[in-house]
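Subject: Structure handover

Hello,

Here is the structure I promised to pass on. Please open it beside this message, and then read on for the findings.

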Amino acid sequence: MKQRGTLAALILAVLPQRAVAHDAFGDLGPFYQTFLHPLADPMQALLVVAAAVVLAVQPIASVRVAFPALAIGAGLALVARMVLPVPEPGPALVALMVIGAAAVGVLCLRPGPVATGLLAMALGSAAALPIDLAKGGALAATLTLAGGAAGVGFATLFFWGALDLASRRISPLAPRVAGAWLAAIGMMMAALPA
């Protein structure tokens with residue numbers, strides 16, 4: 001019995017299989033595929049966490065402006081990508097944006113609602129650009145747009161909520177600590193060859 005299991009494992013290991021490196025969730029359709037994309041793309045997740053760190057050190061009045069700006073930026077980036085050949089940001093640009101957002105978090109900078117909104121919009125736009133656009137007509141494009149913008153928004157909201165909860169329950173320094181870790185990750189990314 002043990003020999004059959006070993007033989008089956010060897011056959012499966014040797015047989016060529018289709019590469020599914022970017023197919024983390026299977027075929028969920030354009031909305032859910034793009035909605036869950038921040039969980040499958042590390043650079044997109046870094047940008048989302050960077051936006052959450054920025055929001056976590058802002059007063060609620062700035063967050064009320066910045067959070068919708070982030071989702072709008074993600075949607076506008078996807079629209080731009082649908083009509084123009086807009087490339088996704090490379091590792092160097094992502095590292096620079098992450099380090100900048102981490103500096104805002106670590107230094108607890110509060111530039112005001114408008115500047116925070118513009119920063120959140122830039123981070124949301126950059127986070128949306130790695131999303132693969134669905135083929136298949138206007139409905140698929142609309143679902144991709146809605147799922148991508150909602151995914152970036154909800155992922156940011158989740159991490160912002162976690163940082164806000166940690167700052168209330170554990171220590172008010174939690175967003176700064178997260179910003180320091182984010183800065184370290186961004187610096188390591190910037191140091192790696194492209």
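What percentage of the 194 residues in the protein is buried? Buried residues make up 36%. Please keep in mind that this is a predicted model.

**Overall layout**

The protein has eight helices and zero strands. From the N terminus on, the order is α-α-α-α-α-α-α-α. Contacts across the chain count for a lot here. Take the contacts with a separation of 6 or more: residues 24 or more positions apart account for 84% of them.

**Helix α4 with helix α6**

Start with α4 (residues 60-83) and α6 (residues 113-128). These two helices pack at an angle of about 30°, and their axes are 7 Å apart. Angles under 35 degrees count as roughly parallel, so α4 and α6 are roughly parallel to each other. Their crossing is right-handed. On the α4 side, the contact is made by A61, S62, V65, A66, A69, L70, I72, G73, A74, A77 and L78. On the α6 side, P113, T116, G117, A120, M121, G124, S125 and A128 take part. By class, the residues of this contact are 13 nonpolar, six polar and no charged.

**Helix α5 with helix α6**

α6 also packs against α5. The angle is about 145°, with the axes 11 Å apart. α5 passes α6 in a left-handed crossing. M97, A101 and V104 of α5 make the contact with L119, A122, L123 and A126 of α6. The residues here divide into seven nonpolar, no polar and no charged.

The loop between α5 and α6 holds C108. Check its backbone: phi of C108 is near 55°, a positive value in a residue other than glycine. Is C108 buried, exposed or partly exposed? Its relative accessibility is 23%, so C108 counts as partly exposed.

**Helix α8**

α8 covers residues 174-191, which is 18 residues. At 1.5 Å a residue, α8 should span 26 Å. The C-alpha atoms at its ends are 26 Å apart, so the expected span and the model agree.

Which residues of α8 are buried? They are A174, P175, G179, L182, A183, G186 and M189. The buried residues of α8 pack against three helices: α3 (42-56), α5 (91-106) and α7 (138-169).

The meeting of α8 with α3 can be described further. The axes of α3 and α8 come within 10 Å and cross at roughly 145°. The crossing is left-handed. From α3, the residues in the contact are M43, L46, V49, A50, V53 and A56. They meet P175, A178, G179, L182, I185 and M189 in α8. The class count is 11 nonpolar, one polar and no charged residues.

Now look at A183, which sits in α8. Its relative accessibility is 13%, under the 20% cut-off, so A183 counts as buried. Not counting residues up to four places away in sequence, A183 touches I99 and A102. The C-alpha atoms of A183 and A103 are separated by 7.1 Å, and these residues are 80 residues apart along the chain.

**Two residues of helix α7**

α7 holds both T144 and L139. Which of the two is buried, and which is exposed? T144 has 0% relative accessibility, so T144 counts as buried. L139 has 62% relative accessibility, so L139 counts as exposed.

What does T144 contact, leaving aside its neighbours within four places in sequence? The list is P30, T34, L78, M82, I131, D132, L133 and A134. L78 is also among the α4 residues in the contact with α6.

P30 comes up again with L139. The C-alpha atoms of L139 and P30 are separated by 9.2 Å. Along the chain, the two are 109 residues apart.

**Where to look first**

Three places are a good start. One is the contact of α4 with α6, with its 13 nonpolar and six polar residues. Another is A183 in α8, with I99 and A102 in contact. The third is T144 in α7, with 0% relative accessibility.

Best wishes

Key: Residues are numbered from 1 along each chain as its sequence is written. This is a predicted model: local features need pLDDT of at least 70, side-chain atom pairs count only at pLDDT 80 or more; totals for chains, interfaces and linings use all residues. Side-chain values use heavy atoms; hydrogens and water are left out. Helices (H or I, at least four residues) and strands (E, at least two) are DSSP runs, numbered from the N terminus. The expected span of a helix is 1.5 Å times one less than its number of residues. Buried means under 20% relative accessible area, exposed over 50%, partly exposed in between (1.4 Å probe, protein chains only). Contact means heavy atoms within 4.5 Å. Axes are lines fitted to C-alpha atoms, for helices over the stretch in contact, and angles run from 0 to 180 degrees between N-to-C directions. Angles under 35 degrees count as roughly parallel, over 145 as roughly antiparallel, 65 to 115 as roughly perpendicular and the rest as oblique. A crossing is left-handed if the near helix is turned anticlockwise from the far one by less than a right angle, and right-handed if clockwise. Ala, Val, Leu, Ile, Met, Phe, Trp, Tyr, Cys and Pro count as nonpolar, Asp, Glu, Lys and Arg as charged, and the others, Gly among them, as polar.
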